[in-house]
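Reader: I'm new to this one. Can you walk me through it?
Author: Sure. Here it is.
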Amino acid sequence: MSNGTEAPLPAADSHDQIRVRGARENNLKDVDVDIPKRRLTVFTGVSGSGKSSLVFGTIAAESQRMINETYSAFLQGFMPTLARPEVDLLEGLTTAIIVDQERMGANPRSTVGTATDANAMLRIVFSRLGTPNIGSANAFSFNVPSVRGAGAVTVERGDGKKKERVDFQVNGGMCPRCEGIGSATDIDLSQLFDDSKSLNEGPFTIPGYTAGGWSVRMIIESGFFDPDKPIRDYTDQERHDLLHRETTKRKISGINMTYEGLLPRVRKSFLAKDREAMQPHIRAFVDRAVTYTACPDCGGTRLNEAARSSRINGINIAEACAMQISDLAAWVRALDEPSVGPLLAGLGGTLDSFVEIGLGYLSLDRPSGTLSGGEAQRVKMIRHLGSSLTDVTYVFDEPTVGLHPHDIQRMNDLLLRLRDKGNTVLVVEHKPESIAVADHVVDLGPGAGAGGGTLCYEGTVEGLRASGTLTGRHLDDRAALKDKVRVPTGVLPIRGADAHNLRDVDVDIPLGTLVVVTGVAGSGKSSLIHGSIPAGENVVAVDQAAIRGSRRSNPATYTGLLDPIRKAFAKANGVKPALFSANSEGACPECKGAGVIYTDLGMMAGVATTCEECEGRRFQAAVLDYHLGGRNISEVLAMSVTEAEEFFGAGDARTPAAHTVLRRLVDVGLGYLSLGQPLTTLSGGERQRLKLATHMGEKGGVYVLDEPTTGLHLADVEQLLGLLDRLVDSGKSVIVIEHHQAVMAHADWIIDLGPGAGHDGGRVVFEGTPADLVAARATLTGEHLAAYVGA
């Protein structure tokens, strides 16, 4: 202005910070922090220091809760319950979009194409340009069945009613045989019964079909068979009645019953369930008796003949979906059709986003349940990259998981692009390459669990380096190459591996050493290791798949640690162990041992309130009068692993069986977890390390680990390397699929796959010692490792 004074800022523009005051969620200790808007803020700190509690549990949770409250009560009834976070004040919040690492649902009908809407656009392109023209976009959808019908309808017109005949038909693309699943199940009859026996001799080998049981009596007393005749001598009619007969009413032992053939009954009772949810003996039966093969009618494409017959430039929609996305993007760009120009531009943009984000190696027909956590997170990102929304808070949970150092730069560029569109980007991250691009860093700690939850530093990255915090001190840590590598005790030969994109790979994996398998995302690492080294007698595979467990499960129940603790309590107090189980006799009668009471409010969202009877302790008051080493069972479950290790290691409470398990949990870097923390609250990396601790007591000779550094702070990586060394020195062979350069530098032998992803990968581009890889610098991994160790 002419008078030299600056105009005051309009009030609306002064809200340029998210202000958090008095955050106490989980282990946070009254944290006050100001986060700048429209900047990239990275949250650092050791695992369990409270990063997720602050970002996800406080800021994102409150933002989502407030948005949900803007909907009607009716709609809120269909939404997840979000309790108000423990915080005094939250100001300046904007709409939060959470892009987490939850695996995508393993619905058999969900593919990468359906999850990202790329299929929807592709179907419209085919409905407009495909020859012959077979109908609307639905005719190309494997989830829409073809339906035809005819009948009379009564139409009221004026003062009279008139009957009219109506025909209708929906042309869907679903293959009628496999119903759009793509695979057909074949049941091996020899695994259902022994055909040399008669019904009276008990021929069935199906779980639950025991001699004298109702399932068998119904077959014997149905009147269709001679119970003393061997099954192999049945006539065609008898065989049909045994295996395929439709439901028929029969009187059995004077009771009206429904008889049905064996195959439809087995399909309904065993195959309708998710394999993972089955009991172990039923899963073993299904694995033995059922083979999954590509549907013979559609060849696994899920589409009927009409949908496969319509082509654009010689390619049908099934072939387009099976293409690698980078190739499909080029094919779409080559289509010059002004009539659908905007649609082709939109589809091309979505496919280019896949390539840009480092997922160009996927295909649209890839089932979404087979994606890793990192891949699932990046697929979710694609939905937001083209979004026109601005002033949104994007919240990312370790977006670099599963990324090769070569791809991390790309991910950083994407995060900065989201920020430059005018958005606030909050990232929980451990990788120094990602911390380096932050505008603002918030470091939590200093320790984990009860030892964390305070603000150690906030400011610039340069300030973090000089701050002397744990993260600041370790930010420039670089692992050195080993002077001397171990000599293998033998080899594990892999010959002709061709799963997914592998190209007939022959490789010898040295045993008795630490082997790291690396390569860019999609180069075939998991296909090589998980596909060629089956988990069996001697192999212990530890991955990041979700642990099956309810909100009643916790680290103590999962690792088997609770058994020796219960026995020790029972012995010390002269009572029975079941009293010390919150799922058994010792449970608080009010909340049934859950510690909280879930109230279903009908159409409103349900709420969970702490049980007033036991105050969240989960046990009856009488049980809490029994002590071991001066602590009751509830106090023991509230201990952190480190504290419990000390407690059960000496003194009155000394329990060697419990101490051994606790020692393993500390070894894998989970010392900060509390024994009673629900499993549902653990991150992917924590779950994997919990599994590793559980498996360490097993007799396996070969350990296969999938990115064990996920979710580990720079300071903890050193501890993990020490653990891997101890495993190898105790005579085990350890194979690690990993991108972290510190683990590569520490390896005895590296197998590098590539050179690219998808069909540009699938070959071994290097095998040898880390020192040779750095010296050669012939691969992407070699270049990045050389830069990392400063060679």
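Author: A definition to start: buried means under 20% relative accessible area, exposed means over 50%, and partly exposed is in between. Also, this is a predicted model.
Reader: OK. Is R663 buried, partly exposed or exposed?
Author: R663 has 36% relative accessibility, so R663 counts as partly exposed.
Reader: What does R663 form with D667?
Author: A salt bridge. The closest N and O atoms of D667 and R663 are 3.2 Å apart. Both residues lie in helix 23, four residues apart, which is about one turn of the helix.
Reader: And D667, buried or exposed?
Author: Buried, because D667 has 12% relative accessibility.
Reader: Which residues are joined into one salt-bridge network?
Author: K482, R486, D725, D729 and D748. Their salt bridges share partners.
Reader: How many salt bridges are there by this rule?
Author: The count comes to 38.
Reader: Where do E86 and R24 lie?
Author: E86 is in the loop between helix 2 and strand 4, and R24 is in the loop between strand 1 and strand 2. They are 62 residues apart, so the pair links distant parts of the chain. Their side chains meet in a salt bridge at 3.6 Å, N to O. E86 is partly exposed at 44%, and R24 is partly exposed at 32%.
Reader: What about D391 and R38?
Author: They form a salt bridge too, with the closest N and O atoms 2.8 Å apart. D391 lies in the loop between helix 13 and strand 14, and R38 in the loop between strand 2 and strand 3, so the pair ties together parts that are 353 residues apart in sequence. D391 is partly exposed at 39%. R38 is partly exposed at 30%.
Reader: New topic, sheets. What is the strand order in the open sheet of six strands?
Author: The order is 21-24-25-20-26-27, with mixed pairing. Strand 21 and strand 27 each have a single partner strand, so one side of each is left without a neighbour in the sheet. Neighbouring strands are turned by 15 degrees against each other on average, direction ignored.
Reader: How do strand 21 and strand 24 run?
Author: They run parallel, joined by four bridges. A541 stands opposite V704 in strand 24.
Reader: Which helices pack on that sheet?
Author: Helix 18 does, touching strand 20, strand 24, strand 25 and strand 26. Helix 25 packs on the sheet as well, touching strand 20, strand 24 and strand 25. The direction of helix 18 makes about 145 degrees with that of strand 25, and for helix 25 the angle with strand 25 is also about 145 degrees.
Reader: And the open sheet of three strands, what order?
Author: 2-1-4, with antiparallel pairing. Strand 2 and strand 4 are the edge strands. Strand 1 and strand 4 pair over three bridges, and V20 stands opposite L90 in strand 4. Helix 1 lies across strand 1, strand 2 and strand 4, at about 115 degrees to strand 1.
Reader: Which residues make the nonpolar surface patch of about 450 Å²?
Author: Y71, F74, L75 and F78. F74 lies in helix 2. F74 is exposed because its relative accessible area is 53%.
Reader: Last one. Is T655 buried or exposed?
Author: Buried, at 10% relative accessibility. T655 sits in the loop between helix 22 and helix 23. Leaving out residues up to four places away in sequence, T655 touches P564, A568 and F648.

Key
Residues numbered from 1 in each chain as written. Predicted model: local features only at pLDDT ≥ 70, side-chain atom pairs only at ≥ 80, totals over all residues. Heavy atoms only, no water. Pairing = 2+ DSSP bridges. Helix = DSSP H or I, 4+ residues; strand = E, 2+ residues; numbered from the N terminus. Axes fitted to C-alpha atoms, helices over the stretch in contact; angles between N-to-C directions. Contact = heavy atoms within 4.5 Å. Patch = residues over 30% accessible without salt bridge, like charges linked within 9 Å, V, L, I, M, F, W, Y side chains within 5 Å. Areas by Shrake-Rupley, 256 points an atom, 1.4 Å probe, with all protein chains shown as cover. Salt bridge = Lys/Arg side-chain N within 4 Å of Asp/Glu carboxyl O. Buried < 20%, exposed > 50% of the residue type's maximum accessible area, 1.4 Å probe, protein only.
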